[in-house]
Amino acid sequence: MIRTLEGYWADYGCVLMQPYHTEVAAGTMNPATALRSLGPKPWKVAYVEPVIRPTDGRYGENPYRFQHYLQYQVVIKPAPADILDVYFGSLAAIGIDAKKHDLRLVEDDWEQPTLGAWGLGWEVWCDGMEITQWTYFQQFGGLELEAIPAEITYGTERLAMFLQRKRSAFELEWAPGVTWGDVYRESEREWSTYNFEVAPVDVLMRRFGEYEEECRSLIERRLPLPAYDQVLKSSHTFNLLDARGAVSVTERAAYIGRVRDLARAVCQLYVDLEAEGDAASAA
Amino acid sequence: MPRLLLEIGCEELPARACREALAQLPALSRAHLDVDPEHVWVGPRRLALVAEVSDRTPDRWIKGPPESRREQAAEGFARRYGVSSDELEVRDGFLGVTAPGQSVREALPQRVDAIVRGLEFWKTMRWDDSGLRFARPVRWLLAKLDSETVVGEASFGHRFQHPEPVEIDSPAAYLDVLRAVDVEPDHDERRRRIVEGLPDGWSDPADVLEEVVHLVEWPVVLEGSFDERFLQLPVRVVQTAMQSHQRYFPLGGNRFAFVANGGDPEVVRAGNERVLEGRLDDASFTFERDVKVGIDELATRLDHITFFAGAGSFAEKAERLLDLVTRLGGGEASREAARLAKADQAAELVREFPDLEGHIGAEYARLAGYPEAVCAAVDEQYLPEGPDTPIPATEAGRILSAADKIDNLRVAFELGRRPTGSRDPYGLRRAAIGLCRLAIEGSLSIPLELLGPDVAEFVLERLEVLLPVPVEFTRAARASGVDDLGGVARLAEALAVLPDERLDPIHTAYTRASRIAANANGSGELDPALLQEPAERAVADAVARVEPQIRSALDAGDLHGALDAAVELASPLDRFFEEVLVMADDSAVRANRLQLMLDVRDALGLLGDFSQIPR
C-alpha cells in the first residue's frame, strides 16, 4: 500500500522524502511540510512519517491506540483546482473503488496551537472509517501563507485495516507471515511504560528550557533549520511532560505559548532568509 | 421575463456554511438581481437559486455636482460618464446623468460575482490567488438565462457516481437533470427522504439530522447492527459513539441507521458496522479496565489528578465537596455522592468520552451496587447544562450540583480567574446561573456565606438578569438582610408584585429615615430616657416590636408576614416627622433621634434597600 502511494505521488511529480530524524507528533511538523509551506515557492512532497504521541500509548493492549504510528503525508503547494480528484485517484490506486464505497468529506478544521498554524478541510470517511485528514493550510507560525498548500495525511494503519478488513492494527499483515503487532507491540509496551511512568520529569523540564534557549541563540545566528529542530524537541518534551501528568491545565497554556513563540520566530526567519536569497540571486 | 438559474459549485461545504448561505441568498438576490428568488437550494457541493429577472436592469440616476457649480464642475463630471456637458440633466438642483440599464445578460457576470463575494461565512479560507474567500473552494459557476448559458459551462453530477459535466437545458429542468445524476439539490427534499427512510423507532438525541442533510447529495438510508456484547456498555457511551463520532441514528438495542451518499449498500453497511464495532471495541476495552478497578478504587486515585493549577487535586476537591454538601444540608446520599462524584476523572473511559463525565461515574457506581439516590446524584452533578435545560431531578443531585458549582466559582475567583468581557473559559457564568436556578426552581437553600463576598456578588449579578422582575427590585432585595440565594430571589419577586398601597408606605418610611440619617452618626444605641416626645416614643416602641417580627418572619421564609410587619412602621413615622424636630438643640437628644432613624432604616432595610426602587 505504501509502495503504491509512493509510486502514485512520484508519478504526480512529488519529491519523495524519508522520515525526519527528530520526533514529531504529526507529519505536518516535519520541516518538509511546516517550513516548505511558507513563502511563495512551489513544492510537492510525499513521505512516510512515524508520529510520536506519548499520551496515546496504551501499552500495546488497545487495538486502536498507539504512541507511535505511521502517517503517509503529501503536500502540494500551491493546490491545483483538481487536487481532490488527484487524491481520490490515489485511493483508486490502492484499490478503493469510489463507486462501490461511500466516500465522504466531513468538515474538520485543523489547528496546531504549538505551531501557530491552522487550516480548513475535512476528514475523509470511507464507509464511516476516517482514512485521511485533508487540509488547506492558511497559516503557519502565525504567518498568512502566500501560496495555499493542500495537505493530505493518510492514516496508514486505518487504511490498511480497512483494506485488509482487520479489526486490530496488531493483526495487520506487514509482510508474509509478519504482522504489524510482531513489529511494534513490544515497542508500544516499553515506550508506554517510559512515557507514562519512567521519563524523568525534572530532567525533561530542564531540557525544555535548554531547547528553548538554544532555539533563541540559533535564531540569533540566523540558522532557521537547526532552530526549528529545537522547536520540535521542545514540543516533544512538552508532550512527554504531559504524558507524565506533570502539566496542569493552566501550565499547559503557558508551555504551548512558549513553543508557539519559538515557532513564530523561526518561521519568520525562514521566510526572511528565503526572500533575501531570492533578492540576492536576482541581483 | 427570463428565468435565471445560478449555481455555485464548491468542494464539500460544512453544514453550517450551507445554512449560512440559505439565510443570505434571498437578500443577496434582492440586492444584486432586484428580485426575490423563487427557490434557494443548498447542499454540500452546490448552492443554487432560481429567480425570474427583468430583461434589463433599471436605469440609474447618477447625481453629480450642484447646479450652482455647473461652470467649475460640469465638464469633468460629464467627461467621466462619457457624455457632453450640455447633455447633463438637472434634478432637485443637482446635475446628473441617467445611466441606461443594461440587458440582464450583459450585467449578469458582474452580478453573479457580487453574489458570490457577498456571501459571508463564520469561517472562510483562501485556496488560490484570486483573493476570493469562501467556506470551501469554489470550483465552478453556472448561470443560465432560460436556455442560454451566460456564466460557466455546465454543472456536475454526484462526485463519484456521475463525475462528468452535465448540461442543464434550462432553469426549469435543473432539478430533474441533477436527480438523474444522483444529486438532490433541494435540502428540504433530502431531509424528507432521510426522515421517510429512517425505520420506526429512530432517535436523534444529539441532533445530527441537520448536519447529515448537508453531508450527502444523494441520501440513502441504510441499517446496521453491532454485536450484542457491546450492550454491556453504558447506553450513552454507545449513543455518543454512534452520534457524535459517526452521525448514526440509534434504533434501540444493537441496531442503528445511517445515511450514505451512494455506494454498494452491502459493502457500505459492512464497512460502517466494522467501524462502529471498532469504536465500541475500543470503548469496551477501556470500560472493562475501569470496571475491574472499580469506582471506590478510582475515587482513591484522585490525588494525582490536578483539578485546577493552584487549587490542588481532585482528591482535595472531593473533600471540599463533602464539606459543602454537608453545609448545604445534604444527607447520607449526597455525602456518599460527593465522595464518588469526581472518581470518574480517574477513569480511562472519561478521557475518551469527556462529555459523559458524571454519567460514567454514575454507571460505575451502579455496577458497584450503590443506592440509586447516590448514583443519580453523581449522574446529575453537572446539570443544568444550559439556561433552559432541566436541573437535577433528585434532592441529592441538586445539592451535589450546587456544591460543585460553588466550589468551581470559589476556586476560580480565589485564583483571580473571574470572567472578563466575553471570555469565560471555565464556564463560571453558566455555573452562577445554574446555582440561581437550583435555588429558585430547586428550592434549595444556598446560604450566601458559602459563596464568600466576591462570588456572592457575581452570582447575584446573574440573578438580576435571570429573574423576570425589573432589576431594581432584585437590587433592593440584594441589599436586604436575607442571607440565602433563593430567599433573595423570592424577596425580589415579592417586592415586585407588592401593590403600591403597601409598597409606598414602606418605601416612604425607609427613604425618609435613611435620608435624614444618611450623613449622621447616631448615638450607637438608643437611650429610652432621652426620648422626650410621645411621637418618638411611639416610633421606638414600633421599631422594638416590628424589628423582631420582620426577623422571625424572614427566618421562617414568610415574606408577606415580614412586609405586613414593616407596614406598621409607616404611620408612627409619619407622625414623628410631623411632630418632632430631629435636629434638636440638645446634642444628646439629637444623636438619640438620629439613632432612632438609623434603627428604623435598619429594621426596614432587613427587607431591602428600598431607595433602589424608583417611585
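Which residue stands opposite Phe249(B) in strand 13 of chain B? Select Phe249(B) and look across: the residue is Ala257(B). The model is predicted, so local features need pLDDT of at least 70 and side-chain atom pairs count only at pLDDT 80 or more, while totals for chains, interfaces and linings use all residues. Residues are numbered from 1 along each chain as its sequence is written, and chains are lettered from A and ligands numbered from 1 in the order in which they are written.

**Stop 1: the sheet around Phe249(B)**

Select residues 255-260 of chain B, which form strand 13. Helices (H or I, at least four residues) and strands (E, at least two) are DSSP runs, numbered from the N terminus. Strand 13 runs antiparallel to strand 12 of chain B, and two bridges join them. Two strands pair if DSSP finds at least two bridges between them. Now add the rest of the open sheet, whose three strands have the order 11-13-12 in chain B, with antiparallel pairing. Its edge strands, each paired on one side only, are strand 11 (220-225) and strand 12 (249-250) of chain B.

Next select residues 265-293 of chain B, helix 8, which packs on this sheet and touches strand 11 and strand 13 of chain B. The direction of helix 8 makes about 50° with that of strand 11 of chain B. Axes are lines fitted to C-alpha atoms, for helices over the stretch in contact, and angles run from 0 to 180 degrees between N-to-C directions.

**Stop 2: where chain B meets chain A**

Show both chains. In chain B, 33 residues are in contact with 33 residues of chain A; contact means that C-beta atoms, placed from the backbone, lie within 7 Å. Helix 8 of chain B supplies the largest share of the chain B side, ten residues. That side divides into twelve nonpolar, ten polar and eleven charged residues. Here Ala, Val, Leu, Ile, Met, Phe, Trp, Tyr, Cys and Pro count as nonpolar, Asp, Glu, Lys and Arg as charged, and the others, Gly among them, as polar.

**Stop 3: a second sheet in chain B**

Select strand 4 (60-66) and strand 5 (89-91) of chain B. They belong to an open sheet of three strands with the order 4-6-5 and antiparallel pairing. Strand 4 and strand 5 of chain B stand at the edges with a single partner strand each, so one side of each has no neighbour in the sheet. The twist averages 45° from one strand to the next.

Add strand 6 (residues 94-99) of chain B, which pairs with strand 4 of chain B over five bridges. Ile62(B) has Val97(B) in strand 6 as its bridge partner. Helix 2 (residues 70-80) of chain B lies across strand 4 and strand 6, at about 145° to strand 4.

**Stop 4: a loop residue**

Select Glu153(B), in the loop between strand 8 (148-151) and strand 9 (155-156) of chain B. Is Glu153(B) buried or exposed? Glu153(B) is exposed, because it has 10 other C-beta atoms within 10 Å. A residue is buried if 20 or more other C-beta atoms, placed from the backbone, lie within 10 Å of its own, exposed if 12 or fewer, and partly exposed in between.

**Stop 5: the domains of chain A**

Colour domain 1 (2-196) and domain 2 (200-282) of chain A; domain bounds come from an automatic or database domain assignment. The C-alpha centres of these domains of chain A are separated by 23 Å.

Terms used:
Two residues are in contact if their C-beta atoms, placed from the backbone, lie within 7 Å.
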